[in-house]
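Thanks for making time this morning. I would like to walk through one structure with you, going from its charged side chains to its internal space, so please keep the view open while I talk.

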Amino acid sequence: MNMRHWVRSVFWAVSAWPVLVLANPFSTLALTPSGEIPASGKILLILQDGDYVLPHFSPDSRYLAFAHVLLQGATELTEIQALDLKTLKVNTLLDAQGSREFAIYKSFVADFTWKDATTLKAGISDGDVNGVNLFFDVAAGKLIGKKPFSLTDDTADRDEALTPELTAAFPSVPPPALANALANGFKVGQKKYIVQKNYWKQDNHIWYLDTERKQISKIVDITDEWIYSLRGAFASGNAIILLVAYGPDAWLARYTGGKLELLYRFPVKNYQQTGLRVEHIRGDRVLFQVITGPDYEKRENFLFVYDKAGLKKIKETAPIYDMDVDSEGKLLCLSQWSGKQRKLVVRELKVFR
């Protein structure tokens with residue numbers, strides 16, 4: 001459908017709100033039926049005597065790293081802890097007093113990365129523009145290295161550099177716009193991408209780029225106001241799953257055979273800080289999380305399973321703040337709201353069995 005013609009048909013409207021509604025590319029799509037399934041599986045451990053976030057399994061599933069958020073007076077500090085999944089014992093790698101060393105306004109874990117089965121990197125922010133990467137030997141329970149960093153450094157990693165092959169494949173897109181689209185887009189196969197240009201004097205439509213075939217196809221007609229509305233994408237079989245968000249809402253859609261279908265709609269806290277993270281893939285079954293807003297607000301994330309049978313939401317009794325799945329898809333850790341704090345629930349995952 002040509003959305004420009006539709007918008008012109010309601011040009012008489014004195015309010016911008018009806019135009020915004022009618023410019024929504026999903027407003028005329030019927031919602032494809034989806035189901036719900038429980039996160040069934042034996043619960044191994046619940047930690048609920050604090051405020052726990054950022055669960056992250058080690059590559060061999062032996063350890064689970066997480067952050068314990070603490071308040072000392074008006075200052076937010078953090079402890080870095082690791083759960084030994086064989087003994088179910090928790091070891092503190094960095095206590096609150098140790099984290100105070102790195103605080104300007106506060107000290108918190110920005111991210112965890114496992115360098116190998118026992119070496120954990122924790123990025124600690126000072127609440128301003130600087131921080132430090134701490135390296136721990138989790139098996140030994142000790143700090144083994146520090147490396148300061150600054151958020152002002154222009155060191156952002158890009159998944160895909162603009163190569164001559166890419167430039168030649170899509171000559172209709174100016175190289176700066178193409179570079180920006182790829183840097184902020186999503187890879188959905190070998191040399192295949194879903195992008196939104198988000199660039200000066202360029203459209204904001206959602207495009208499918210096939211480098212090998214040198215094909216560029218518009219798959220969602222997006223109005224100019226919906227800049228940065230493409231928030232995630234992945235491929236499953238012959239289908240591409242898209243996350244698009246604007247204003248207070250987000251939509252999961254499926255694009256297959258030249259047809260766009262609406263799978264799910266839900267509210268978000270901040271559409272430009274909404275995201276999609278694939279947690280595990282086995283065959284044609286994909287477990288993914290939708291993040292609905294910034295980590296400094298009380299958000300509720302969604303957990304879905306998608307396969308050839310369609311989309312299913314994993315339901316939980318307590319709202320999900322964050323989660324992680326181990327590398328084999330056998331264990332699930334949920335950070336869930338319990339009042340004003342977040343508990344950790346470690347359980348077996350049967351979705352892939």
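**Buried charges, salt bridges and a cavity**

Let me begin with Asp322, which lies in strand β23, residues 320–325, where strands are DSSP runs of E of at least two residues and helices are runs of H or I of at least four, both numbered from the N terminus. Before going on, I should say that this is a predicted model, in which local features need pLDDT of at least 70 and side-chain atom pairs count only at pLDDT 80 or more, while totals for chains, interfaces and linings use all residues. Residues are numbered from 1 along each chain as its sequence is written, and side-chain values use heavy atoms, with hydrogens and water left out.

Asp322 counts as buried because its relative accessible area is 5%; buried means under 20%, exposed over 50%, and partly exposed in between, with a 1.4 Å probe and protein chains only. Its side chain makes a polar contact with the side chain of Arg277 at 3.0 Å. By polar contact I mean a pair of N or O atoms within 3.5 Å, where, within protein, one must be able to donate a hydrogen and the other to accept it, and where residues adjacent in sequence count only if both atoms are side-chain atoms.

Which residue is buried yet has no salt bridge? That is Arg299, for which the nearest side chain of opposite charge, Asp322, is 4.6 Å away; here Lys and Arg count as positive and Asp and Glu as negative, with His and the chain ends not counted. A salt bridge, for this purpose, is a side-chain nitrogen of Lys or Arg within 4 Å of a carboxyl oxygen of Asp or Glu. Arg299 lies in the loop between β20 (285–291) and β21 (302–307), and its side chain reaches the backbone oxygen of Gly293 at 3.0 Å.

By the salt-bridge rule the count comes to 13. One of them joins the side chains of Asp249 and Arg265, at 3.3 Å from N to O. Asp249 lies in strand β17 (residues 249–256) and Arg265 in strand β18 (residues 259–267), so this pair ties together parts that are 16 residues apart in sequence. Salt bridges that share partners also join Arg277, Glu279 and Asp322 into one network.

Another salt bridge links Asp203 to Lys197 at 2.9 Å, N to O, and both of these residues are buried. Lys197 brings us to the internal space, since Lys197 is among the residues that line the largest cavity, together with Val173, Leu178, Ala181, Val195, Trp207, Leu209 and Ile216. On a 1 Å grid over the protein atoms alone, a cavity is a set of points where a 1.4 Å probe fits but cannot get out, and lining residues have an atom within 4 Å of a point.

How many cavities of 30 Å³ or more does a search of the whole structure find? The search finds one, and its volume is about 30 Å³, a volume being the space filled by probe spheres set on the grid points, which are joined across faces, edges and corners. Helix α5 (175–184) and strand β13 (206–210) each supply at least two residues of the lining.

I will close with the loop between β12 (192–196) and β13, where Asn198 lies. Asn198 has a positive phi, near 50 degrees, in a residue other than glycine, and Asn198 counts as buried because its relative accessible area is 11%.

Definitions and conventions:
1 Å grid on protein atoms, 1.4 Å probe; cavity = no way out; pocket = protein on both sides within 12 Å on 5 of 7 lines; lining within 4 Å.
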